[in-house]
Each structure stands twice: as C-alpha cells, then as structure tokens.
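Dear colleague,

Please find the structure below, handed over for your records. My notes on what was found in it follow directly after.

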Amino acid sequence: MTSTERTLILIKPDGVERGLIGRILTRMEERGFAFDAIELREASPEILAAHYAEHTAKPFYPGLVAYMTSGPVLAIVARGAQVVATFRTTAGATDPVKAAPGTIRGDFGRDWGDGEIRNLVHGSDSPESAKREIAIWFPALADG
Ligand code: DAT
Ligand code: MG
C-alpha cells in the first residue's frame, strides 16, 4: 500500500489579499500533491485559539490574531507521502527575512516594518499536528 499523509495549509490574509493564492497553490501542484479540500474561510478568534493553542500565552499572540482575522484565509488539506515535511520546506523559515529564496516565505515575504511577522502561509509541523488541525478546520474530514 502506498504510504500517504495529509497536512493543513492556510494561505494567510496577506497571501489572499496580495493575490498570491494561485502561485502558492501552483507550487504544491507542481510538486505533485493533491488537495482534499480548499475553502475560503474567515478565521474566528475561537478557531485561532484552538489552532494556535501552543501560542495563546505568548506576547505576540494578540498581534497574531489581529493579523489572522484581517481578511479571509484559504484553508487547504493536501495529501501525499511526506506532504507535511515537503510543505514545511516549501514554505521556508517562519521569519520571511530568514527564509531562503526559492521558498514561499523567502520569495513573497518581507519585514513590513510594523513588528508583525506576516509570513503568508501556515503548514502543520508534524503528522500529529496535521490530524489535530484538520479536525479543527475540517471536522468532516477528521481522521479520513
Ligand atoms: P510556523 O508558522 O513557522 O510554524 P510558529 O508555529 O513558531 O511558526 O508560529 C506561528 C505563527 O506565529 C508564525 O507563523 C508567525 C507568528 N509568530 C511566531 N513567532 C513570532 C514572533 N516572535 N513574533 C511575532 N509573530 C510570531
Ligand atoms: Mg507552527
């Protein structure tokens, strides 16, 4: 049997607003991954608190919520062997200033000078996180 896994990808409000949905999705399509779900969503404070549970007590959390609720996000479930790690390397380092050229964050991101990290995309950091996050964003697809 072919080993497969899924990951939760978000194109964050800056990616949607700047018209980068197509170019970001194309990178995963070009690598040969399939999508199980793609949906434009408004991230509520409640869904963000569940999604970013590990960060809710951090000093940057209020700014992160303001950023993530500043416009719609595109929520995606992608599927394929090693898709979690493959999307993380495609996304690049958390800080766009440090992200390598050739990555999504390294090609499309920058420091906008206001103290917020706007880094265009989220990708689950492990298959376990992916299961947890898919259950939050797409309950109907949980553990499929
Ligand atoms: P990643 O999105 O690369 O998994 P993370 O899970 O450490 O990074 O953090 C989640 C998001 O929170 C990140 O995409 C942007 C924001 N963030 C993280 N560290 C930050 C910081 N020091 N200042 C401002 N925002 C931060
Ligand atoms: Mg993370």
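A pocket, as the term is used here, is found on a 1 Å grid over the protein atoms alone: it is an open set of points where a 1.4 Å probe fits, with protein on both sides within 12 Å along at least five of seven lines. A molecule sits in a pocket if more than half of its atoms lie within 2 Å of its grid points. The largest pocket is the space taken by ligand 1.

This is a predicted model, in which local features need pLDDT of at least 70 and side-chain atom pairs count only at pLDDT 80 or more, while totals for chains, interfaces and linings use all residues. Residues are numbered from 1 along each chain as its sequence is written, and side-chain values use heavy atoms, with hydrogens and water left out.

Around ligand 1 are Lys12, Tyr52, His55, Phe60, Leu64, Arg88, Thr94, Arg105, Ile117 and Asn119 (each with a heavy atom within 4 Å of the ligand). Four residues of this shell are nonpolar, three polar and three charged. Polar side-chain atoms of His55 and Arg88 lie 3.0 Å and 2.8 Å, respectively, from an oxygen atom of ligand 1. For Asn119, a side-chain N or O atom is 2.8 Å from a ligand oxygen. Of the 520 Å² of accessible area (Shrake-Rupley method, 1.4 Å probe) that ligand 1 has on its own, the protein covers 76%.

Elsewhere, Thr7 belongs to strand S1, residues 6–11 (a DSSP run of E, at least two residues). Thr7 counts as buried (under 20% relative accessible area, 1.4 Å probe, protein chains only) because its relative accessibility is 0%. Its side chain makes a polar contact (a pair of N or O atoms within 3.5 Å, one able to donate a hydrogen and the other to accept it) with the side chain of Ser124, at 3.5 Å.

Yours sincerely

Definitions and conventions: Chains lettered and ligands numbered in written order. 1 Å grid on protein atoms, 1.4 Å probe; cavity = no way out; pocket = protein on both sides within 12 Å on 5 of 7 lines; lining within 4 Å. Nonpolar A, V, L, I, M, F, W, Y, C, P; charged D, E, K, R; others polar. Helix = DSSP H or I, 4+ residues; strand = E, 2+ residues; numbered from the N terminus. Buried < 20%, exposed > 50% of the residue type's maximum accessible area, 1.4 Å probe, protein only.
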